[in-house]
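Let's take a friendly walk through this structure, from whole domains down to a pair of helices. Have the model open as you read.

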Amino acid sequence: MAETAIQAVGLNKWFGEGEAKTHAVKDMSFEAYFGEILYVVGPSGSGKTTMLSMISGILRPNSGTVTIEGSDIWSLGNDALAEFRLQKIGFVFQDFHLFPRLTTAENVAIPLILQKRNWNAALKEAEADLEIVGLKERAQLPPVKMSGGEQQRVAIARAIVSRPDILILDEPTASLDGDTGRNIVKFVREHILSDQRCIVIVTHDSRIFEFADRIVKMEDGRLMGIGRQNLDAQ
Amino acid sequence: MGGILHIAYKLLVNDRAKYAALLVGISFAVFLMIEMTSLFAGILTRSSATVINIGASIWVMDPAIQTVANTIPLPDYVLDEVRSIPGVKYAVPLYSGAALLKLPDGLYQAANIIGLDDTSLFGRPALDGGNIQDIFAENAFIAVKDSEFYKLESPKVGAEFELNDHRGVIVGIAHVASSGLFGVPTLYTTYNRALQYIPSTRFTISYLLVEPKSLADVASIKQQVTAAGYLALTKDEFVKKISDFYKYKTGIGTNMLIMTVISFIIGLSISGQTFYTFVIENLEKFGALKAIGAKGRELILMILFQATFVSLTGYGVGVGLCALIIWMAKLYLPDYAATITFSNLGLAFVMVVVIAAISCYVGVRKVLRIEPFDIFRG
């Protein structure tokens, strides 16, 4: 049995009060393990992103706990939580959120720089990770001069550069065409996943479901089921 | 922490359009602020030119005097009274008045005539040409080679003019520390010749110039002059009194203040708005940094650094530009009155710091309010 990376228990999140109250996530519990790619799927508005934000220490739940590698992350203070994210979690955002005024290598090096690494050493490590994603020759270019798929790979390089145990990918194929999206997730599966790393991907792109180890299906803020591969078969 | 600042620096300077707009805004504001205040400082210095150039330690005058140019003549007995005050080393009369000269080409030219005590010539200017003893010669005057000198047709030693049908002869060319404010040339002569050549009122002494035996005597001299119904001011006090008159009792100070405030507002508007746009455009990226693990204080530091860097750079450019413009203006306009003082630089610096602080505050508020969750929500 693989070691538990993330344990979410009884997560609830609502926004607004009274008539305007929206219950985005309702009593969700699940676990994610090292060495697996876990998909969180569901239609728009099903609460995927809210749930993802809570398990990655970005959005405080109204109730419930999130335990990562034995630490109840929501018991940490703001600074400690930020440090925890910096050390343990790598993020790939839907819109990449790369800095257009920095070079690709500098973008990738950001987590290391936030970890107070030396500037030149951080750039060197960033270039090494750009080699992993096949973009070493583009290290000195600004990301705006790259295609969407290349930018996604830069974002992945940034997410893994500090060697986090957990990788969170939010709709990684949303801005990409079908083939590029598939190639990206395939690349993640083949090169980024390891026994010491857990990858959580939020998506509603059924074309990439084949790369999941397990899939958490959400609807209206509720967990509808957890299974292997395509839940539609359940 | 250096890496974070390096990122902040690159984000700022690599956005060339905004960086240029920020620099131009702050530099322009600094330029205007320093130009305005320097012009005012120049005017204030020139308004006290006679006091500065004569250089007496204590000036005795009528209490109603507001500026050195508007004299109220003192009776002769005041000179004797002041000389009798214990602690007075010596006291001499000074004549300061306006006259109309008829130049060799027949044109009339207003001039400021300074009449120095015949015995001591106390307050005499440093001569560039001629001999000071010649001032005792018949009809002798010394012309001051300042920015108004050319209005006397740039006379040489021996040049002649008319003053109230009296013949005047230039016997020396002198230089002084400061040119006058009112755009008229200055001539020095002896006190008695000034009275002889220029129509005068019943009383004739414009000021009494007093030298105390020691600094400790200044207070008692001032006290006794006051008891006699007159006013004794040290050189610095007199300069301040004149400056205060121009600052607070004329429209000059108010207008300069308004222009300086407008410059400040222009700088604040341009740089504040540009910096705000800069932060807004990078807001999502700052949110992403927050999500990755940047702490609030690190983001504040980044914005603080950016605001400080651009402000100080703009300040330097603005000061340099102002110095260059003033230098060039003085090359072509000799009577251009502008002096960059440390006070001006300090004032502009404080205003730039305020601009940076306000721009920074707006940016920091925005960045601290952005939630990483908003980044996920797109």
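The C-alpha centres of domain 1 of chain B and domain 2 of chain B lie 48 Å apart. Domain 1 covers 2–46 + 251–377 and domain 2 covers 75–229 of chain B; such bounds come from an automatic or database domain assignment. This is a predicted model, where local features need pLDDT of at least 70 and side-chain atom pairs count only at pLDDT 80 or more, while totals for chains, interfaces and linings use all residues. Residues are numbered from 1 along each chain as its sequence is written, with chains lettered from A and ligands numbered from 1 in the order in which they are written.

Here are two contacts involving chain B (residues are in contact if their C-beta atoms, placed from the backbone, lie within 7 Å):

| Contact | One side | Other side |
|---|---|---|
| Domain 1 with domain 2 of chain B | domain 1: 5 residues | domain 2: 7 residues |
| Chain B with chain A | chain B: 23 residues | chain A: 28 residues |

On the side of chain B that touches chain A, α1(B) gives the most, with 7 residues. Helices here are DSSP runs (H or I, at least four residues), numbered from the N terminus.

Now for two helices of chain B. The axes of α2 (residues 16–47) and α7 (residues 235–248) of chain B come within 9 Å and cross at roughly 130°; axes are lines fitted to C-alpha atoms, for helices over the stretch in contact, and angles run from 0 to 180 degrees between N-to-C directions. Ile43(B), Leu44(B) and Ser47(B) of α2(B) meet Ile242(B), Ser243(B) and Tyr246(B) of α7(B) in this contact.
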